[in-house]
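This report walks through one strand and its neighbours, and then turns to the contact between two chains. Please keep the sequence and the structure in view while reading.

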Amino acid sequence: MIDVINVTKKYGKFIANDNLNFKVLPGEISILLGPNGAGKSTIIKSIAGLLRFKGNILICGHKNKSLEAKRLLGYIPEMPVLYDMLTIWEHMEFIARAYSLKNWEGKANELFERFELDDKKNKLGNELSKGMQQKVSICCGLLPNPRVLLFDEPLVGLDPHAIKELKLMLQEYKKDGASILLSTHMLDSVSEFWDGTNIMMNGKFMARRTRKEVLGTGEDLEKLFFDITESKKESKEEVK
Amino acid sequence: MKGLSYLLITTFKNRFLSLKRKPVLAVLYGIIFISIIFMIVAFQADTTTIKAASYKDIRILYGIIALIGMLYVVVFSSTGISTGSTLFSMADVGLLFVSPISSRKILLYGLLKQMGATIVSAIFILYQIFTLRDNFGIDSKGILYLFIIYAITLFFCQLLSIAIYIYSNGNPFRKNIVRVIYYGIIAIIVISVFVLQLFRGGTLLENGLTLVDNKSFQSIPVIGWGVMFFRAGIEGDILALIVSLLLYILSSMVIISLFTSGNADYYEDVLYSTEVTYNKFQDAKSGKKTFTKNVKVKEKVTGIKKGIGSSTIFYKHLLEKKRESRFLFVDSYTIIASIGAGIASKYISSGVAGYIILAVLIYIQFFGTMLGKLSMELKRPYIYMIPQKSLHKVVAASLTTLLKNVVDGILLFTVVCIITKTSPLINAFLALAYASAGLFFVSFQLLAQRLFGGQPNKIISLTVGLGLFFILLSPGIGFSIFAVSVLPTALTFLGTLPFTFSCVVISAFIFGFCGDLLDKAEYTIGSN
């Protein structure tokens, strides 16, 4: 479970996240929607323990920077960052050893097969295209079988097969009781599997909906998104 | 053409205005500008006369010009055979190449831009004005000629590299022809020196100097033309000056006509090199080391094989090192630095050679360490995410850099020891001082990240790092200098101990203070 309590993140005077509060329950897929610069990556990085912030973030009850929390976390960054001098299979070995995993080879093989990487095990990180690197990055994040998954724009750059597999995997992790937080600015790409959605703008949550609420009211999420993001722009122009 | 001139002027204007948002960079440029002005004024005002008899042989300077020319010909020709050079950026490729502007005009724009960059890169020569005057009696006119010929050589070699790429791209036979030509020219020069020695006697150096002073040597493209230009400049030989300039201009025109004549489509030819240059630049910006050579994964050298938890980072680095260099910690830097230390040992008085070499090596080591493995890890999220204690991870990520410094120290000062015939004990302590300076630089990286947060700007880190090095270690350096001068000969080897001690103590303190860095640092790459 992810528990974000009064989290504010500032870069100098610029407020990237403004007093955010939310939860992602076990077995739930929560989406962060928002235009570029809304603060989606910042909150994901804060949860992953990569940024300093004001407030509290708990991962299954542990402070997010504690070793217990790190064991439960999987983070897939927006830009894949691999090691130039390691083969992609060695990336798996590295993660397995660093996380002290046992009998990891079966899981790594399964991930490679599903992402069609099994014939590229001996390729170096820098020999792959951006999309391939993204697949390896996802495999690195999933290998320790995390209970909390943080995806920052995971579908960008993936081929249709990999997108299909990743969507399937997300459902499987959800069924298995993992808490999943995923950022995107492409509503269509996640429409079929989200449980909760948070529309962000200027570091704040402008609207939050659950799937039940939307199904109950018949509200058009896309319209809501544009109403929020474009009305802000218009009001800025009016002020000018 | 309006669009291109707008682009050139606006880029320059915006680069200048952006300094308002980068005060440290602005201060750095200011310091460079003021120091150059100060040097030029001081150079003009300094009327100290040095007896002409004490000047070194001017042919040494001709030799240096020829060697730089040779180095550039080899480096740029090799680049031409592999990736080629480029006059353009990725933005030029994306926006200009597809625009309805003549490709000739775009080429002219690229040439102008490159010329500007080349002139700026030649500025470092101005820092040598006092050395050149005191050693070779070169006046301000001579410095200007040196500045011009350096810029021309560099610019011409870049053109040459593109021409070689256009000529040899995808054709192994032509690539071999190019190799035969440039290695052939160098082989002829080297053989000529030996032949001269055979007939005239004397040392190789003496015969090498005789060769570069010879008029027929000066007709060799680039390598000799530069010498011809500089010599003509300082001797006031207008005809030779014009001839050398004409040689460069005519050859450049031939190369440029190769780009634009007939069906030559230089867009495709520069596209790959532009992408390679862009990727290198991006990697350098994000702190990644760039590997230009193709690394092939050997079946025997696969797998990290050892380590669990934090220690995995160390074993991963060992595997990466094995891929980068066949001899693990002994790489091209070790070899080049050993040769340099060996040459310096030969020509500097043996009593002080070790200390001077140590100072120079530590200066170079600083830059090497700042691009080391720890720096690479801090630019990736994995080290922050691994569920282990921060201090353990930081130590594991620093170990290979520390070990490399130990190995380099031992090898480098073994060379110094053999050539200077000084006590092995003194050299062992010099090696220890070198390794401890490496430890200090590693710890400084932690301090920099802790102080500045995020992934600190490289220029700021380097500037502050050097400053801190002198501030924090000045007592150690001072005590060491004092110790070397007062200790009896039998105990001189202990002279570097205060420096080593202060490096170790300060580093231990920084590691202790910043060991929890990974829990408090900010990984800001890719934030929005």
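## A buried strand and a chain contact

All five of the five residues of strand β7 (residues 148-152) of chain A are buried, so this strand is largely enclosed by the rest of the structure. The model is a predicted one. Burial applies to both faces of β7(A), with Val148(A), Leu150(A) and Asp152(A) covered on one side, and Leu149(A) and Phe151(A) covered on the other.

Which strands are joined to β7(A) by bridges, and how do they run? The pairings are set out below.

| Strand joined to β7(A) | Bridges | Direction | Residues standing opposite |
|---|---|---|---|
| β6(A), residues 73-76 | four | parallel | Gly74(A) and Leu149(A) |
| β8(A), residues 179-184 | five | parallel | Ser179(A) and Val148(A) |

Between β7(A) and β8(A) there is also a helix to consider, since β7(A), helix α6 (residues 160-175) of chain A and β8(A) make a right-handed β-α-β unit.

The second topic is the contact between the chains, where 29 residues of chain B are in contact with 34 residues of chain A. On the side of chain B that touches chain A, the elements that give two or more residues are α13 (311-324), α17 (382-385) and α22 (517-520) of chain B. Of these, α13(B) provides the largest share of that side, namely five residues. By character, the residues of the side of chain B that touches chain A divide into eleven nonpolar, nine polar and nine charged.

Definitions and conventions: Residues are numbered from 1 along each chain as its sequence is written. Chains are lettered from A and ligands numbered from 1 in the order in which they are written. This is a predicted model: local features need pLDDT of at least 70, side-chain atom pairs count only at pLDDT 80 or more; totals for chains, interfaces and linings use all residues. A residue is buried if 20 or more other C-beta atoms lie within 10 Å of its own, exposed if 12 or fewer, and partly exposed in between; C-beta atoms are placed from the backbone. Two strands pair if DSSP finds at least two bridges between them. A crossover is right-handed if, with the strands pointing away from the viewer, the path from the first strand over the helix to the second runs clockwise. Two residues are in contact if their C-beta atoms, placed from the backbone, lie within 7 Å. Ala, Val, Leu, Ile, Met, Phe, Trp, Tyr, Cys and Pro count as nonpolar, Asp, Glu, Lys and Arg as charged, and the others, Gly among them, as polar.
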